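Let's take a walk through this structure, starting with its charged side chains and ending with a helix. Have the 3D view open as you read.

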Amino acid sequence: MHCIRTAIDSSLFKQWLENMRSETGILAHGDMSLRRVLIQVVYLAVGMLYYITLLSRLRHFPKDVSVSSSLVTPEFALAYVLTIYICLAAFRVITEAVESAEGVDMFGTRIGFLKFKADVLHNETGNKVPGIVFSRGPAVAVLILLDSGDETYVVLTEQVRVPVGRLILELPAGMLDDDKGDVIGTAVREVEEETGIKLKMADMVNLTSFLDPSTGGKVFPSPGGCDEELSLFMYKGHVDKEVIATLHGKETGLRDHGELIKVRVVPYDKLWRITADAKVLSAITLYEMAKRDGLLPFQ
């Protein structure tokens with residue numbers, strides 16, 4: 001029950017519910033209704049059942065071997081104690097594994113990912129709409145353009161991405177660590193962590209702010225299954241060729257967090273063809289359209 005309460009009280013769940021109830025949310029006009037939310041943490045019972053089974057077998061252990069008191073040696077007592085320890089260890093490992101794998105993934109003391117199923121009904125027909133949710137909340141990404149000589153370059157990161165089974169060239173990006181909403185501060189911090197480049201918040205341009213207000217000023221990469229909402233920023237600067245050479249191939253990232261990152265610097269005019277990262281392709285589109293319409297503070 002503690003895990004369920006933690007999930008419900010998390011900023012991820014509250015933000016999802018707020019999106020559902022907002023003016024543009026699917027619950028706003030009475031066409032849809034939310035009946036219940038199922039968070040998959042109840043499988044903790046599997047570990048408990050296994051633990052009880054082991055203990056029930058352990059209780060009959062002396063009867064099964066039919067030993068007399070004279071045969072209860074120190075070795076026998078040690079084996080008995082070790083069996084109890086194994087039972088307790090098995091219970092702990094199994095329950096922790098199941099609990100972390102189903103529904104709630106903790107990042108230290110906070111919830112990083114939340115998986116649940118929402119029963120949402122279309123009121124007129126009574127039919128359910130697809131409602132399996134992978135919740136990871138707000139994130140940021142930054143398009144860094146560096147003019148050097150007659151060429152414009154883009155700073156990317158190359159990372160191992162296990163879900164897609166390959167190395168991906170991406171924009172420097174990251175999740176918001178809390179519910180305070182420091183989007184631009186997170187963007188600046190992620191750029192420094194992943195590339196070593198120190199940017200000033202005043203020099204950042206929010207590309208997603210140019211979207212129509214009805215969009216919420218965010219990009220949703222995979223709205224069919226994930227609530228992730230991206231704020232896309234850009235930075236444009238001038239550097240010498242030596243800076244480009246120093247950046248390319250640089251190893252960065254928070255190694256204690258499992259980040260194995262290499263910085264890649266590529267010509268901007270080739271960018272759209274060399275990566276399948278949705279963040280990159282979205283940022284290119286927003287940048288080019290904003291430039292065309294004269295919305296950027298520089299041209």
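R161 and E170 pair up in a salt bridge, with their closest N and O atoms 2.6 Å apart. This is a predicted model, so take the distances here as properties of that prediction. How exposed or buried are the two partners? R161 is partly exposed, since its relative accessible area is 31%, and that falls between the 20% and 50% cut-offs. E170 counts as buried because its relative accessibility is 4%.

The pair has company: R161, E170, D277 and K279 are linked in a network of salt bridges. Within that network, D277 and K279 meet through their side chains, 2.8 Å from N to O. D277 is buried at 7% relative accessibility, and K279 is buried too, at 14%.

How many salt bridges turn up in the whole structure? The search finds eleven. Another one of them joins the side chains of R36 and D119, at 2.6 Å from N to O. R36 sits in strand β1 (residues 32–39) and D119 in strand β3, so this bridge ties together parts that are 83 residues apart in sequence. On the R36 side the bridge is partly exposed, with 45% relative accessible area for that residue, whereas D119 is buried at 4%.

Here are the three bridges side by side:

| Salt bridge | N to O distance | Relative accessibility of each partner |
|---|---|---|
| R161 and E170 | 2.6 Å | R161 31%, E170 4% |
| D277 and K279 | 2.8 Å | D277 7%, K279 14% |
| R36 and D119 | 2.6 Å | R36 45%, D119 4% |

Now for the rings. A pair of aromatic rings is described by how far apart the centres are and by the angle of the planes. The count comes to six aromatic pairs. One of them is F13 with W16: the centres are 5.6 Å apart and the planes are at 40°, so the pair is tilted. Both residues belong to helix α2 (residues 11–21), where they are three residues apart, or about one turn of the helix. Both are buried as well.

F113 and F134 make an edge-to-face pair, with 5.1 Å from centre to centre and 65° between the planes. Where do these two rings come from? F113 is in strand β3 (residues 110–122) and F134 in strand β5 (residues 132–135), so the pair links distant parts of the chain, 21 residues apart. F113 counts as buried at 18% relative accessibility, while F134, at 28%, counts as partly exposed. There is also an aromatic cluster, made up of F13, W16 and F116.

Out on the surface, V160, V162 and L167 form a nonpolar patch with about 310 Å² of accessible area together. L167 is placed in strand β8 (residues 166–170).

Last stop, helix α6. This helix covers residues 183–195, which makes 13 residues, and reaches 18 Å from its first C-alpha to its last, close to the 18 Å expected at 1.5 Å a residue. What caps its N-terminal end? D182 does, with a side-chain oxygen 3.1 Å from the backbone nitrogen of G185. The buried residues of α6 include V183, V188 and V191, and also E190 and E194. After the helix comes G196, with a positive phi near 85°.

Notes: Residues are numbered from 1 along each chain as its sequence is written. This is a predicted model: local features need pLDDT of at least 70, side-chain atom pairs count only at pLDDT 80 or more; totals for chains, interfaces and linings use all residues. Side-chain values use heavy atoms; hydrogens and water are left out. Helices (H or I, at least four residues) and strands (E, at least two) are DSSP runs, numbered from the N terminus. The expected span of a helix is 1.5 Å times one less than its number of residues. Buried means under 20% relative accessible area, exposed over 50%, partly exposed in between (1.4 Å probe, protein chains only). A polar contact is a pair of N or O atoms within 3.5 Å; within protein, one must be able to donate a hydrogen and the other to accept it, and residues adjacent in sequence count only if both atoms are side-chain atoms. Patches are made of residues with over 30% relative accessible area and no salt bridge: like charges are joined within 9 Å, nonpolar side chains (Val, Leu, Ile, Met, Phe, Trp, Tyr) within 5 Å. Accessible areas come from the Shrake-Rupley method with a 1.4 Å probe; for residues, only the protein chains shown count as cover. Rings of Phe, Tyr and Trp (its six-membered ring) pair if their centres lie within 6.5 Å; planes under 30 degrees apart count as stacked, over 60 as edge-to-face and the rest as tilted.
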